[in-house]
Amino acid sequence: MPQRVYIETTFVSYLTARPSRDLVMAAHQQITHEWWDARRAGYELCISQLVLDEAGEGDAQAAQERLLVLRPMLVLETTTDALELAKELLQAGALPEKAADDALHVAIAAAKAVPYLLTWNCRHLANAVMRPVIETVCKAKGFKAPIICTPEELPESKP
């Protein structure tokens, strides 16, 4: 059984976006495509209703492309445990109030014991300063935090 990875909305946005002229963003898009083409088959890809809601916002054609990519992925239930953990992550300052959706992404993955959360959100999620605080709060509430990483940090899954 392959390991699960929670696909956060920024990942699918980079995957489906028009090529950027910004060099850093273009590099992130390229890395995303390379991960998608070469490594995704080694994982069971999971999302939540929150990912679907976020991916469905904005330009109608772009939203349709994102939702098409997400369609075959396993949709994880947003449990009461996840909602309570998200609230605790915000109250403990692991994530700022304005990042409530990001807290819920982490909490859903933690509550469902998903080992990895794949994202390009380096402000609140794949952030070396915030990761230890997120892990501490999850552990205090009886959950193991997912490893929050970018596609370049998540290699092929080992059998």
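In which helix is the place of Gln 29? Gln 29 sits in helix H2 of what is a predicted model. With a relative accessible area of 6%, Gln 29 falls under the 20% limit and therefore counts as buried. Setting aside neighbours within four places in sequence, the residues in contact with Gln 29 are Tyr 14, Ala 17, Arg 18, Pro 19 and Ser 20.

Tyr 14 leads to helix H1, where Phe 11, Tyr 14 and Leu 15 meet a set of residues in H2. On the H2 side, these are Met 25, His 28, Gln 29, Thr 32, His 33, Trp 35 and Trp 36. By class, this contact has six nonpolar and four polar residues, and no charged ones. H1 covers residues 9-16 and H2 covers residues 23-38; their axes come within 8 Å and cross at roughly 100°. An angle of 65 to 115 degrees counts as roughly perpendicular, and the two helices H1 and H2 are therefore roughly perpendicular to each other.

Further along the chain is helix H5, residues 80-91. H5 has twelve residues, and the distance from its first C-alpha to its last is 17 Å, close to the 16 Å expected at 1.5 Å a residue. Its buried residues are Ala 82, Leu 85, Ala 86, Leu 89 and Leu 90. Seen down the axis of H5, these buried residues fall within an arc of 140°, so they line one face of the helix. The general geometry is that an α-helix has 3.6 residues a turn, so residues three or four places apart point the same way. Thr 80, Glu 84, Lys 87 and Gln 91 are exposed on the other side of H5. The buried residues of H5 pack against helix H6 (100-111) and helix H7 (130-140). After H5 comes Gly 93, with a positive phi near 80°.

The packing partner H7 can be described in a similar way. In H7, Met 130, Ile 134, Val 137 and Cys 138 are buried. Viewed down the axis of H7, they fall within an arc of 100°, so they line one face of that helix. Thr 136, Lys 139 and Ala 140, on the other side of H7, are exposed. The cover over the buried residues of H7 includes H5, H6 and strand S5 (147-149). Just after H7, Gly 142 has a positive phi of about 90°.

Methods
Residues numbered from 1 in each chain as written. Predicted model: local features only at pLDDT ≥ 70, side-chain atom pairs only at ≥ 80, totals over all residues. Heavy atoms only, no water. Helix = DSSP H or I, 4+ residues; strand = E, 2+ residues; numbered from the N terminus. Expected span 1.5 Å × (residues − 1). Buried < 20%, exposed > 50% of the residue type's maximum accessible area, 1.4 Å probe, protein only. Arc of directions from axis to C-beta. Contact = heavy atoms within 4.5 Å. Axes fitted to C-alpha atoms, helices over the stretch in contact; angles between N-to-C directions. Parallel < 35°, antiparallel > 145°, perpendicular 65-115°, else oblique. Nonpolar A, V, L, I, M, F, W, Y, C, P; charged D, E, K, R; others polar.
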